[in-house]
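New to this one? Here is a short tour to read with the model open beside you.

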Amino acid sequence: TLPRVYITRQIPPEGLKILRQSGEVQFELWDSDDTPVPRKELLKRVKGVDGLVCVLTEKVDAELLDAAGPNLKVVSTMSVGFDHLSLDELKKRGIRVGYTPDVLTDSVAELTVALLLTTSRRLIEATHEAKTGGWGTWRTLWLCGYELANSTVGILGLGRIGVAIAERLAPFKVKKFIYTDVVPRPELASAINAEYVSLDELSKQSDFLTVCCSLTPETKEICNRNLFSKMKNTSIFINTSRGGVVNQEDLFEALSTGQIAGAGLDVTVPEPLPINHPLFTLKNCVILPHIASATYTTRNAMSALAANNLLLGLRGEPMIKEIKQ
Ligand code: GLV
Ligand code: GLV
């Protein structure tokens with residue numbers, strides 16, 4: 001009989017088509033609605049499966065892997081982030097892990113630029129004013145923001161996405177790109193002429209600071225009071241990576257006291273962020289519901305890549321994109 005696969009969410013059609021047409025697996029899908037499968041249900045459904053396709057709302061931890069049992073050979077996540085996966089537990093059990101980098105780089109970079117400009121030019125406030133009667137007359141300093149021309153853009157965690165963001169921002173006449181990471185990344189940095197600096201310098205020099213790192217124990221709440229206190233009060237903070245890299249109480253304080261000028265967040269803790277959260281009360285904070293990779297092209301490509309990774313893994317072949325550990 002064919003390997004059994006559980007898919008934790010209604011994934012875009014490309015991936016399902018690949019799995020169906022392969023004829024190599026039988027799969028079951030959580031498709032009762034477009035929300036995460038309840039944990040209890042998930043623990044039941046994974047029993048005995050050979051493969052698991054998941055998204056970032058599912059915690060793949062010891063409990064889940066134990067519930068699945070010893071047949072499980074491959075976990076394929078439809079995401080570039082992997083903080084929802086307990087990699088140690090997966091490794092211990094010899095389970096291979098696929099993920100979906102690269103195919104989302106363009107869409108995430110585009111959204112990051114959009115969020116940056118939305119925040120720095122105060123577009124949400126502006127449309128709100130325009131349609132609610134605040135637009136009394138043209139005023140000289142009303143809704144003024146900050147421009148990219150002649151600015152210094154700092155990238156916290158330089159990878160494929162950071163480079164793609166810088167490539168898109170360069171035509172806005174950015175003066176200088178700087179970045180920090182655990183080690184210098186000269187091959188990536190040279191493509192965008194970015195200078196390696198310490199986290200301290202990144203905080204001090206950046207007019208726009210954009211976070212592009214993975215969430216790991218090392219980067220958890222790396223953006224905290226200490227970092228914000230070094231930033232200029234004219235600077236804009238952007239995060240399209242994971243909410244966990246930010247201490248949100250410290251960010252709230254920095255935004256509400258004018259320590260920094262604004263923040264644009266595509267990711268928060270928790271997700272969804274409760275609508276009564278203090279960050280939602282701030283005019284200088286733009287919050288999006290984790291949509292950076294949300295284009296039809298990208299989500300279908302992620303779905304297809306997750307499906308192909310899964311099939312390759314189950315065949316015992318190298319995956320297209322595998323987390324090697
Ligand atoms: C989205 O956040 C992803 O990790 O793909
Ligand atoms: C703005 O619209 C200007 O004319 O300066």
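## Two domains

The domain assignment splits the protein into domain 1 (4–101 + 296–315) and domain 2 (105–287). What you're looking at is a predicted model. Taken over C-alpha atoms, the centres of domain 1 and domain 2 are 32 Å apart. As for where they touch, four residues of domain 1 are in contact with six residues of domain 2.

## What the UniProt record says

The UniProt record, an unreviewed entry, carries two domain annotations that are worth having at hand. One, "D-isomer specific 2-hydroxyacid dehydrogenase catalytic", covers residues 5–323. Over that span the chain is 36% helix and 14% strand, and the C-alpha atoms at its ends sit 19 Å apart.

The other annotation, "D-isomer specific 2-hydroxyacid dehydrogenase NAD-binding", is placed by UniProt at residues 113–292. Here the figures are 31% helix and 16% strand, with 10 Å between the end C-alpha atoms.

## Strand S3 and its partners

Let's start with strand S3 (residues 51–54). Both of its faces are covered: Gly51 and Val53 are buried on one side, and Leu52 and Cys54 are buried on the other. That fits a general pattern: in a regular strand, side chains alternate between the two faces of the sheet.

S3 has strand S1 (residues 4–7) as a parallel partner, with three bridges between them. Within that pairing, Ile7 has Val53 as its bridge partner in S3. S3 also pairs with S4, again in the parallel sense, this time over four bridges. Two of the matches to look for are Gly51 opposite Val74 in S4 and Val53 with Ser76 as its bridge partner.

## Strand S4 and the crossovers

Strand S4 (residues 74–77) is buried on both sides too: Val74 and Ser76 point one way, Val75 and Thr77 point the other, and all are buried. To get from S3 to S4, the chain goes through helix H3 (residues 62–68), making a right-handed β-α-β crossover.

What comes after S4? Together with helix H4 (residues 87–92) and S5, S4 makes a right-handed β-α-β unit. Strand S5 (residues 96–98) runs parallel to S4, and three bridges join the two. If you find Ser76 in S4, you'll see Gly98 of S5 standing opposite.

## The nonpolar core

How many residues does the largest nonpolar core have, and which have the most contacts inside it? It has 90 residues, and the best-connected ones are Leu52, Val53, Val75, Ile155, Ala166 and Ala194. Helix H12 (residues 296–315) gives the most to this core, with nine residues. Since domain 1 and domain 2 both give residues to the core, it lies between them.

## Helix H7, tucked inside

Now for helix H7 (residues 160–169): seven of its ten residues are buried, so H7 is largely enclosed by the rest of the structure. The buried ones are Ile161, Gly162, Val163, Ala164, Ile165, Ala166 and Leu169. They pack against two helices, H5 (105–120) and H8 (186–192), and against strands S6 (152–156), S7 (176–180), S8 (194–196) and S9 (208–211).

Ala166 is a good residue to click on. Leaving aside neighbours within four places in sequence, Ala166 is in contact with Val153, Ile155, Phe177, Ile192 and Ala194. Ile155 and Ala194 also appear with Ala166 among the core residues with the most contacts.

## Less covered spots

Not everything is hidden away. Phe252 lies in helix H11 (residues 248–256). Phe252 has 17 C-beta neighbours inside 10 Å, so this residue counts as partly exposed. Apart from neighbours within four places in sequence, Phe252 is in contact with Pro278 and Leu279. Phe252 and Pro278 are 26 residues apart along the chain, and their C-alpha atoms are separated by 7.4 Å.

Is Thr297 buried or exposed? Thr297 has 12 other C-beta atoms within 10 Å, which makes it exposed. You'll find Thr297 in helix H12. Between the C-alpha atoms of Thr297 and Ser120, which are 177 residues apart along the chain, there are 28 Å.

Note on methods:
Residues numbered from 1 in each chain as written. Chains lettered and ligands numbered in written order. Predicted model: local features only at pLDDT ≥ 70, side-chain atom pairs only at ≥ 80, totals over all residues. Buried ≥ 20, exposed ≤ 12 C-beta atoms within 10 Å, placed from the backbone. Pairing = 2+ DSSP bridges. Right-handed = clockwise from strand over helix to strand, strands pointing away. Contact = placed C-beta atoms within 7 Å. UniProt positions renumbered as here; feature names shortened; annotations may be inferred. Core = buried A, V, L, I, M, F, W, Y, C linked by C-beta atoms within 7 Å. Domains from an automatic or database assignment.
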